[in-house]
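Trainee: I've just opened this one and don't know my way around yet. Could you walk me through it?

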Amino acid sequence: MTKRGLGSLTYGHVVQPWGRGAAAGGFVFLSGIDGATDEQGRPVPGVAAQTKVALDRVQALLADAGADMDDVVQLDQFVADPAERTEYMRARDAWLSEHAPRLLDDRSYASLLVYPRLATPAMRVEIRAVAYVG
């Protein structure tokens, strides 16, 4: 089994201080992906908007690694404020119903954690994904 890095993570033209993740043994492991800024580096306000940006990025990064949302076996979801949990879940479920309805129906991805100290105060959501591509 060979591990391979998935390369640098960039949002727009800004290289992030962490990588995309790694692939090994038929699995793709994405690093924590956020939606605090858009592809032009502008702030994305609010949990719902950041959730959409983060999930769009997760989907694109999985595709770059040869996987898709139907291959997801785990999503570690971090929300900065317990008061934002319901809004996050509503935005996540709306996104999944459009882009990954099987995953939403299956609900096999499961882990939602409240973690008040994400990387920056503006970051409201972070998502790590694991996909199995065999």
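Trainee: What percentage of the 134 residues of the protein chain count as buried?
Mentor: Keep in mind that this is a predicted model, so every value comes from computed coordinates. A residue counts as buried when its relative accessible area is under 20%. Of the 134 residues of the protein chain, the share that meets this is 42%.

Trainee: And what is the radius of gyration of the protein chain?
Mentor: Start from the length: for 134 residues, a compact globule would come out near 14 Å. The C-alpha atoms fill a box of roughly 40 × 35 × 25 Å along the principal axes. The chain agrees with the globule value, because its own radius of gyration is 14 Å.

Trainee: How many helices and strands are there in the protein chain?
Mentor: Reading from the N terminus, the order of elements is β-β-β-β-β-β-α-β-α-α-β-β. Counting them up by type, the protein chain has three helices and nine strands.

Trainee: Of the contacts with a separation of 6 or more, what share comes from residues 24 or more positions apart?
Mentor: Here a contact is a pair with heavy atoms within 4.5 Å. Take those in the protein chain with a separation of 6 or more, then keep the pairs 24 or more positions apart. What you keep is 64%.

Trainee: Let's look at the helices. Are H1 and H2 roughly parallel or oblique?
Mentor: H1 covers residues 47-64 and H2 covers residues 85-99, and their axes are 9 Å apart. They pack at an angle of about 40°. Angles under 35 degrees would count as roughly parallel, so H1 is, relative to H2, oblique.

Trainee: Is the crossing of H1 and H2 left-handed or right-handed?
Mentor: The handedness comes from which way the near helix is turned from the far one, and clockwise by less than a right angle is the right-handed case. The crossing of H1 and H2 is right-handed.

Trainee: How many nonpolar, polar and charged residues are in the contact of H1 with H2?
Mentor: On the H1 side you'll find Val 47, Ala 48, Thr 51, Lys 52, Leu 55, Asp 56 and Gln 59. Facing them in H2 are Glu 87, Tyr 88, Ala 91, Arg 92, Trp 95 and His 99. Sorted by class, that contact has six nonpolar, three polar and four charged residues.

Trainee: Which residues does Glu 87 touch, leaving out those up to four places away in sequence?
Mentor: Glu 87 lies in helix H2, and at 35% relative accessibility it counts as partly exposed. Its C-alpha atom is 9.4 Å from that of Gly 46, although the two are 41 residues apart along the chain. The residues Glu 87 touches are Val 47 and Ala 48.

Trainee: Is Leu 62 buried or exposed?
Mentor: Leu 62 sits in helix H1. Setting aside residues up to four places away in sequence, it touches Val 28, Leu 30, Ala 67, Asp 68, Met 69, Val 72 and Ala 131. Its relative accessible area is 0%, so Leu 62 is buried.

Trainee: How far apart in space are Leu 62 and Gly 46?
Mentor: In sequence, Leu 62 and Gly 46 are 16 residues apart. From C-alpha to C-alpha, the distance between them is 24 Å.

Trainee: What about the loop between S6 and H1: which residues is Asp 38 in contact with there, beyond its neighbours within four places?
Mentor: Asp 38 belongs to the loop between strand S6 (33-34) and H1. At 15% relative accessibility, Asp 38 counts as buried. Its contacts beyond those neighbours are Val 44 and Arg 57.

Trainee: And what is the relative accessible area of Ala 36?
Mentor: Ala 36 is found in that loop between S6 and H1 too. Leaving aside neighbours within four places, it is in contact with Arg 42, Pro 43, Val 44, Gln 50, Ala 122 and Met 123. Ala 36 is buried, and its relative accessible area is 9%.

Trainee: Last one: what is the phi of Arg 107 near?
Mentor: Arg 107 is in the loop between helix H3 (101-106) and strand S8 (112-114), and it is partly exposed at 43%. Most residues other than glycine have a negative phi. Arg 107 has a positive value, near 50°.

Note on methods: Residues are numbered from 1 along each chain as its sequence is written. This is a predicted model: local features need pLDDT of at least 70, side-chain atom pairs count only at pLDDT 80 or more; totals for chains, interfaces and linings use all residues. Side-chain values use heavy atoms; hydrogens and water are left out. Axes are lines fitted to C-alpha atoms, for helices over the stretch in contact, and angles run from 0 to 180 degrees between N-to-C directions. Helices (H or I, at least four residues) and strands (E, at least two) are DSSP runs, numbered from the N terminus. Angles under 35 degrees count as roughly parallel, over 145 as roughly antiparallel, 65 to 115 as roughly perpendicular and the rest as oblique. Ala, Val, Leu, Ile, Met, Phe, Trp, Tyr, Cys and Pro count as nonpolar, Asp, Glu, Lys and Arg as charged, and the others, Gly among them, as polar. The radius of gyration is taken over C-alpha atoms; the globule rule is 2.2 Å times the number of residues to the power 0.38. Buried means under 20% relative accessible area, exposed over 50%, partly exposed in between (1.4 Å probe, protein chains only).
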